[in-house]
Amino acid sequence: MSFVSDMAIQHGPRAAHPAAVAVDDVLEVMRVGRQKHPVDSWRCEHEDHHLDKAVRHVLTAKLIRDAHSPDDKEDHLANAICRLAMAQANRRSTNARNSR
């Protein structure tokens, strides 16, 4: 049984657990991204690129939330979570290659 399904059984709907929310967000952002970008192009970007984009998404989410910027209807927190996951995946791939 996976962590996410185990948490769903213990705590109710998937949306109730942060890990499930993060998985759902990453999958949705990547699904939408496949329509705009070449497949797996995110793997070619440096970890810092993804981290910079994640920070910008977090700051934009805060600006919109605090009414300092107009709402552009983009889910900036979901995009930030996805960018952090991409950075982590690239880091793990790099570490795995370097440890061989």
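Helix axes here are lines fitted to C-alpha atoms, over the stretch in contact, and the angle between two of them runs from 0 to 180 degrees between N-to-C directions. With that in hand, helix 2 and helix 4 pack at an angle of about 90°, and their axes lie 8 Å apart. What you're looking at is a predicted model, and its secondary structure amounts to four helices and zero strands. Here's a quick tour.

**The overall picture**

- Going along the sequence, you'll meet the pattern α-α-α-α.
- The protein has 100 residues, and 24% of them count as buried.
- Take the contacts in the protein with a separation of 6 or more: residues 24 or more positions apart account for 51% of them.

**How far to trust it**

- The average pLDDT of the protein is 89, and 85% of the residues score at least 70.
- Among the elements, helix 3 comes out with the highest mean pLDDT, at 98.
- At the other end is helix 1 (residues 3-11), whose mean of 58 is the lowest among the elements.
- As a rule, where pLDDT is low, the predicted coordinates should not be read in detail.

**Helix 2 against helix 4**

- Angles from 65 to 115 degrees count as roughly perpendicular, so with an angle of about 90°, helix 2 is roughly perpendicular to helix 4.
- On the helix 2 side, the contact involves Ala22, Asp25, Val26, Val29 and Met30.
- Helix 4 meets them with Ala78, Asn79, Ile81, Cys82, Ala85 and Met86.
- Sorted by type, the residues of this contact of helix 2 with helix 4 are nine nonpolar, one polar and one charged.

**Helix 3 against helix 4**

- Helix 3 (residues 47-65) packs with helix 4 (residues 76-98) at an angle of about 165°, and the axes are 8 Å apart.
- Anything over 145 degrees counts as roughly antiparallel, so helix 3 is roughly antiparallel to helix 4.
- The crossing of helix 3 and helix 4 is left-handed.
- From helix 3, the contact is made by Glu47, His49, His50, Leu51, Lys53, Ala54, His57, Val58, Thr60, Ala61 and Ile64.
- From helix 4, the residues that make it are His76, Leu77, Asn79, Ala80, Arg83, Leu84, Met86, Ala87, Asn90 and Arg91.
- The mix in this contact of helix 3 with helix 4 is 10 nonpolar, seven polar and four charged residues.
- Two helix 4 residues to look for in both contacts are Asn79 and Met86: they're listed with helix 2 and with helix 3.

**The loop between helix 2 and helix 3**

- Asp40 is found in this loop, and its phi is near 60°, a positive value in a residue other than glycine.
- Asp40 has a relative accessible area of 39%, so it counts as partly exposed.
- Cys44 belongs to the loop between helix 2 (18-34) and helix 3 too.
- With a relative accessible area of 71%, Cys44 is exposed.
- Cys44 and Asn90 are 46 residues apart along the chain, while their C-alpha atoms are separated by 8.7 Å.
- Asn90, for its part, is one of the helix 4 residues in the contact with helix 3.

**The loop between helix 3 and helix 4**

- Lys73 sits in this loop.
- Though it is not a glycine, Lys73 has a positive phi of about 65°.
- Is Lys73 buried or exposed? Its relative accessibility is 71%, so Lys73 counts as exposed.

Conventions: Residues are numbered from 1 along each chain as its sequence is written. This is a predicted model: local features need pLDDT of at least 70, side-chain atom pairs count only at pLDDT 80 or more; totals for chains, interfaces and linings use all residues. Side-chain values use heavy atoms; hydrogens and water are left out. Angles under 35 degrees count as roughly parallel, over 145 as roughly antiparallel, 65 to 115 as roughly perpendicular and the rest as oblique. A crossing is left-handed if the near helix is turned anticlockwise from the far one by less than a right angle, and right-handed if clockwise. Contact means heavy atoms within 4.5 Å. Ala, Val, Leu, Ile, Met, Phe, Trp, Tyr, Cys and Pro count as nonpolar, Asp, Glu, Lys and Arg as charged, and the others, Gly among them, as polar. pLDDT is the predictor's confidence in each residue, from 0 to 100. Buried means under 20% relative accessible area, exposed over 50%, partly exposed in between (1.4 Å probe, protein chains only).
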